[in-house]
Amino acid sequence: MTFFLPNSKFTEKHFKQIWQGIDDEKLNHVTKVCYPAVTEIEDLHLPKKNIILVLSRIEKSKYLETLIDAYKSSNYLTKNYKLIIAGGLTKSLENYRAELESRANGTNIEFIVNAPFSKITELYNKASIFWHCKGFEINEDKTPELMEHFGMSTVEAMSAGCVPIVINAAGQKETVTEECGYRWNTVEELVRYTEKIAQNLEKMKEMSETAKGRSKLFTMNSFIVNMKRILSVL
């Protein structure tokens, strides 16, 4: 028997749209959502700092300009929080990096490029808030390939106690709930939600713990349980 294992309900939805004409009952039988196994970030027992972390490849599909502009638009965030953009960068995109640095000039924004995972682990542990923007202003029904199909970095951040504030689209709608974070539709909402939680430390601590708990739904143990359930019907 052949199974197709999409990594989210979002991906499953588009599988089924692509395979129009195939019997729906058959599709439901052979298509089983299997969320990927996300490795929990090691707890370094470091105090949380006023850091907003963006962790992604340094490329235009991540809409890093949008996040830089969002940060710059907030007097509160620029005065009280540091924005760190960390991720992998290829030589072919050095000019894009220079554009981003120019855009961020004069603000409390730091770029950390091609860092070892030990440094990434430290950033996850220190950051209080996690931002994600891939898919901004994209019609996910027309070009689903340009969206974040699951969002492993979001789950990694959650496992480290970062409060996720992510775009309300595609796979992010499945990983982040209102109990552990925020999903935004406009840049204004992104800024408003961030300012709101940044000024309520008690709520931030509560959501941080809830984020840690929710991240466990996407661990290796959860993956194994899900795979056993899927394979049990063979």
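A search of the whole structure finds one cavity of 30 Å³ or more. The model is predicted, and the tour starts at that cavity.

**Stop 1: the cavity**

Select Val 54, Leu 55, Ser 56, Lys 62, Leu 64, Leu 67, Trp 131, His 132 and Cys 133, the residues that line the largest cavity. Strand β1 (51–55), helix α3 (64–72) and strand β4 are the elements that each give two or more residues to this lining. The enclosed volume is about 50 Å³. Coloured by class, the lining shows six nonpolar, two polar and one charged residues.

**Stop 2: Trp 131 and the nonpolar core**

Keep Trp 131 from the cavity lining and show what surrounds its side chain. Which residues is Trp 131 in contact with, leaving aside neighbours within four places in sequence? Ile 52, Leu 53, Val 54, Leu 67, Ala 70, Tyr 71, Leu 77, Leu 83, Ile 165, Leu 190 and Thr 194 are in contact with this residue.

Now widen the selection to the largest nonpolar core, which has 39 residues. Trp 131 is among those with the most contacts inside this core, together with Ile 85, Ile 129 and Ile 165. Another core, of 15 residues, lies apart from the largest one; Ala 86, Ile 120, Leu 123 and Ala 127 are among its members.

**Stop 3: strands β4 and β5**

Switch to a cartoon view and pick strand β4 (residues 129–132), which pairs with β5 in the parallel sense over four bridges. To find one of these bridges, select Ile 129 and its partner in β5, Val 163. Strand β5 itself spans residues 163–167, and five of its five residues are buried.

**Stop 4: the second largest pocket**

Select Leu 55, Ser 56, Arg 57, Lys 62, Phe 117, Ile 120, His 132, Glu 148, Gly 151, Met 152, Ser 153 and Glu 156 to outline the second largest pocket. Helices α6 (117–126) and α7 (152–159) are the elements that give two or more residues to its lining, and α7 gives the most, with three. Leu 55, Ser 56, Lys 62 and His 132 appear in this lining and in that of the cavity. The pocket holds about 170 Å³ of space. Its lining has four nonpolar, four polar and four charged residues.

**Stop 5: the largest pocket**

The largest pocket contains about 390 Å³ of space. To centre the view on this pocket, select Lys 48, Ala 160, Gly 161, Ser 208 and Lys 212, the closest to its centre of the 23 residues that line it. Then show helix α10 (residues 201–215), which gives the most to the lining, with seven residues. By class, the lining has six nonpolar, eight polar and nine charged residues.

**Stop 6: helix α1**

Select helix α1 (residues 9–18) and pick out Phe 10, Thr 11, Glu 12 and His 14, which are buried. Add α8 (172–175) to the view: this helix is part of what covers the buried residues of α1.

**Stop 7: Phe 223**

Finish at Phe 223 in helix α11 (residues 220–231). Is this side chain's residue, Phe 223, buried or exposed? Neither term applies: Phe 223 is partly exposed because its relative accessible area is 27%, and buried requires under 20% while exposed requires over 50%. Beyond residues up to four places away in sequence, Phe 223 touches Cys 34, Tyr 35, Pro 36 and Ala 37. For a last distance, draw a line between the C-alpha atoms of Phe 223 and Tyr 63: they are 30 Å apart in space, and the two residues are 160 residues apart in sequence.

Conventions: Residues are numbered from 1 along each chain as its sequence is written. This is a predicted model: local features need pLDDT of at least 70, side-chain atom pairs count only at pLDDT 80 or more; totals for chains, interfaces and linings use all residues. Side-chain values use heavy atoms; hydrogens and water are left out. Buried means under 20% relative accessible area, exposed over 50%, partly exposed in between (1.4 Å probe, protein chains only). Contact means heavy atoms within 4.5 Å. On a 1 Å grid over the protein atoms alone, a cavity is a set of points where a 1.4 Å probe fits but cannot get out, and a pocket is an open set with protein on both sides within 12 Å along at least five of seven lines; lining residues have an atom within 4 Å of a point. Grid points are joined across faces, edges and corners, and a volume is the space filled by probe spheres set on the points. Ala, Val, Leu, Ile, Met, Phe, Trp, Tyr, Cys and Pro count as nonpolar, Asp, Glu, Lys and Arg as charged, and the others, Gly among them, as polar. A nonpolar core is a set of buried Ala, Val, Leu, Ile, Met, Phe, Trp, Tyr and Cys residues joined through side-chain atoms within 4.5 Å. Two strands pair if DSSP finds at least two bridges between them.
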